[in-house]
Amino acid sequence: MSEVTADIVIIGGGVNGASIAYHLSRMGVGEIVLVEKNHLASGATGRSGAMIREHYQHPALVGIAREASQVFHHFSDVVGGDSRFIQTGRLILFGEEDITSAKSNVNMNQSLGVNITTVSPDEIRDILPEAELEGVAIGIWEEGAGYADPVATTYSFVNQATSSG
């Protein structure tokens with residue numbers, strides 16, 4: 001094996017390591033080496049559902065998720081490459097006992113700019129006609145949510161990092 005030197009070594013070739021490599025390369029911090037024992041996205045990233053959403057229970061997480069969501073909604077312009085993001089929406093169902101908590105959470109998310117609403121069982125049927133709604137009193141609908149391809153996202157980050165030097 002030949003000797004390799006670097007200013008920064010990133011261990012783990014999943015989406016997090018790839019994203020770190022991409023962002024550091026864009027900053028021009030020096031020689032970066034990304035190390036992965038198997039192949040890119042071979043660990044948890046490759047098995048991820050890669051849900052992209054903004055709705056969370058804590059304001060700090062909402063802020064982080066909103067920024068990340070915008071990256072995925074405009075991935076080719078922001079990063080380059082293709083994350084294969086597909087907007088599906090996200091629907092969460094609650095019983096009568098959770099109405100107050102669900103509404104409170106929606107209000108907090110809305111105050112932070114998340115496009116999220118509460119929906120009635122009739123509105124849920126419009127969104128997802130096949131849903132079994134016995135015991136469901138309210139839903140939370142986030143229209144802009146979806147999922148990305150975690151492997152494509154990882155390779156896009158790595159390809160862009162490589163092209164940035």
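This is a short dialogue about a sheet and a pocket in a predicted model.

Student: Let's start with the sheet. How do I read strand pairing in general, and in what order do the three strands lie here?

Tutor: Strands of a sheet pair through backbone hydrogen bonds, and the pairing can be parallel or antiparallel. In this model the order is β5-β7-β6, the sheet is open, and the pairing is antiparallel.

Student: Which are the edge strands?

Tutor: They are β5 (90-94) and β6 (117-119), each of which pairs on one side only. From one strand to the next, the twist averages 30°.

Student: Over how many bridges do β6 and β7 pair?

Tutor: Three bridges join β6 to β7 (residues 138-142) in the antiparallel sense. To find your place there, look for V119, which stands opposite G139 in β7.

Student: And which strands does helix α4 touch?

Tutor: Helix α4 (residues 99-111) packs on the sheet and touches β5, β6 and β7. The direction of α4 makes about 20° with that of β7.

Student: Now the pocket. How is empty space found, and what volume does the largest pocket have?

Tutor: The idea is friendly enough: rolling a probe the size of a water molecule over the atoms shows where empty space is left. Here the largest pocket has a volume of about 260 Å³.

Student: Which residues lie nearest its centre?

Tutor: Of the 16 lining residues, those are V15, N16, T45, S48 and A50. Two or more lining residues come from each of α1 (15-27), β3 (51-52) and α6 (150-163).

Student: How do the residues of the lining divide into nonpolar, polar and charged?

Tutor: Nine are nonpolar, six are polar and one is charged.

Technical notes: Residues numbered from 1 in each chain as written. Predicted model: local features only at pLDDT ≥ 70, side-chain atom pairs only at ≥ 80, totals over all residues. Heavy atoms only, no water. 1 Å grid on protein atoms, 1.4 Å probe; cavity = no way out; pocket = protein on both sides within 12 Å on 5 of 7 lines; lining within 4 Å. Points joined across faces, edges and corners; volume = space filled by probe spheres on them. Helix = DSSP H or I, 4+ residues; strand = E, 2+ residues; numbered from the N terminus. Nonpolar A, V, L, I, M, F, W, Y, C, P; charged D, E, K, R; others polar. Pairing = 2+ DSSP bridges. Axes fitted to C-alpha atoms, helices over the stretch in contact; angles between N-to-C directions. Contact = heavy atoms within 4.5 Å.
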